[in-house]
Each structure stands twice: as C-alpha cells, then as structure tokens.
Amino acid sequence: MNEKLIRLFRAVGVEEYYSVMRTKKFACHPEGSETKYFGIDFEETLAFANEIINIEIIAVIEIGVLYNILTRIGDFTYVDPFLFKKGTVEIPHVHLDEFNSAIKYITHKF
C-alpha cells in the first residue's frame, strides 16, 4: 500500500536537534511548550528561524509523516499567518506518541 506523506519542517535548537536525530522522535521539554509546531513550507520555516533572536536555532529538520494520521491529530489553525502563509501544524503533547509513530523519515534540511 502506498501511503501518502506530507512534508513538515521544524526549526530547532542544539538540544532538540541532537535529541531528534538520535531518537528519531520529538519530545516535549519539561520546561518548554507542551505542543510542537511545524511549518508546511521550508522557506517560511527558515524565515521564522532567522527571525528568532532570543532562541538559538541551529537547524531546520524535515520530516515525512503519514497524511491520514496528521490530519486526524494535527491542528492546522494558522499560528502566524503573516510569516507562515502556507500554514502550520500544531501537535498537542497528548498526540505526540501517535505523531512520532507516523513519522516515516527525518532529515537535516538546513
């Protein structure tokens, strides 16, 4: 069966980058947000990374996630429609395990 994937992008700092690349999973930081936000467009996510001044962003990660699961658990409400014109996806912490199981690849995009 050929499962449809959607590409998502996330700007990450050092700690999250090494954690994701080592475990191939996203996790909630105990002191951080309880949700994970992903851009739908690489260029918009890169522009976001360049706008962040108080957080050390070192990379943009690309993931391929199963479309049918993402559309069921993800919130596609635009977070910053001025920067993310093509949209964002929010994954609440309660769905993070299911989201991680739907990831088919993770790569260092930039």
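**View 1. Arginine 10 meets the ring of phenylalanine 38.** In this predicted model, the charged end of arginine 10 is placed over the ring of phenylalanine 38, 5.8 Å from its centre. Phenylalanine 38 itself counts as buried, because its relative accessibility is 1%, below the 20% limit. A charge over a ring also turns up elsewhere: lysine 4 lies over the face of tyrosine 67, at 4.3 Å from the ring centre.

**View 2. Phenylalanine 38 in its strand pairing with β4.** Now let us follow the backbone around this residue. Strands β2 and β4 run antiparallel and are joined by five bridges. Within that pairing, phenylalanine 38 has valine 89 of β4 as its bridge partner. Strand β4 is largely enclosed by the rest of the structure, since four of its five residues are buried.

**View 3. A tilted pair formed by phenylalanine 38 and phenylalanine 99.** The whole structure holds seven aromatic pairs. Here the ring centres of phenylalanine 38 and phenylalanine 99 are 5.1 Å apart and the planes stand at 40 degrees, so the pair counts as tilted. Phenylalanine 38 belongs to strand β2 (residues 35-39) and phenylalanine 99 to helix α4, so the pair ties together parts that are 61 residues apart in sequence.

**View 4. The surroundings of phenylalanine 99.** How buried or exposed is phenylalanine 99? With a relative accessibility of 0%, phenylalanine 99 counts as buried. Leaving aside neighbours within four places in sequence, phenylalanine 99 is in contact with Leu8, Phe26, Phe38, Ile63, Val65, Leu70, Ile73 and Ile91.

**View 5. The largest nonpolar core and its contributors.** Zooming out a little, we reach a core of 22 residues, in which Leu8, Phe26, Ile61, Ile63, Val65, Leu70 and Phe99 touch the most other members. Which elements give two or more residues to this core? They are β1 (5-12), α1 (14-23), β3 (59-66), α3 (67-73), β4 (88-92), α4 (96-101) and β5 (103-108). Strand β3 provides the largest share, five residues. As background, nonpolar side chains in soluble globular proteins tend to be buried together.

**View 6. A second core and an aromatic cluster.** Apart from the largest nonpolar core lies another core, of six residues, including Phe9, Phe42, Leu46 and Ala49. Phe9 and Phe42 also join Phe110 in one aromatic cluster.

Definitions and conventions
Residues numbered from 1 in each chain as written. Predicted model: local features only at pLDDT ≥ 70, side-chain atom pairs only at ≥ 80, totals over all residues. Heavy atoms only, no water. Core = buried A, V, L, I, M, F, W, Y, C linked by side-chain atoms within 4.5 Å. Buried < 20%, exposed > 50% of the residue type's maximum accessible area, 1.4 Å probe, protein only. Contact = heavy atoms within 4.5 Å. Phe/Tyr/Trp six-rings, centres within 6.5 Å; stacked < 30°, edge-to-face > 60°. Lys NZ or Arg CZ within 6 Å of the ring centre and 35° of its normal. Pairing = 2+ DSSP bridges.
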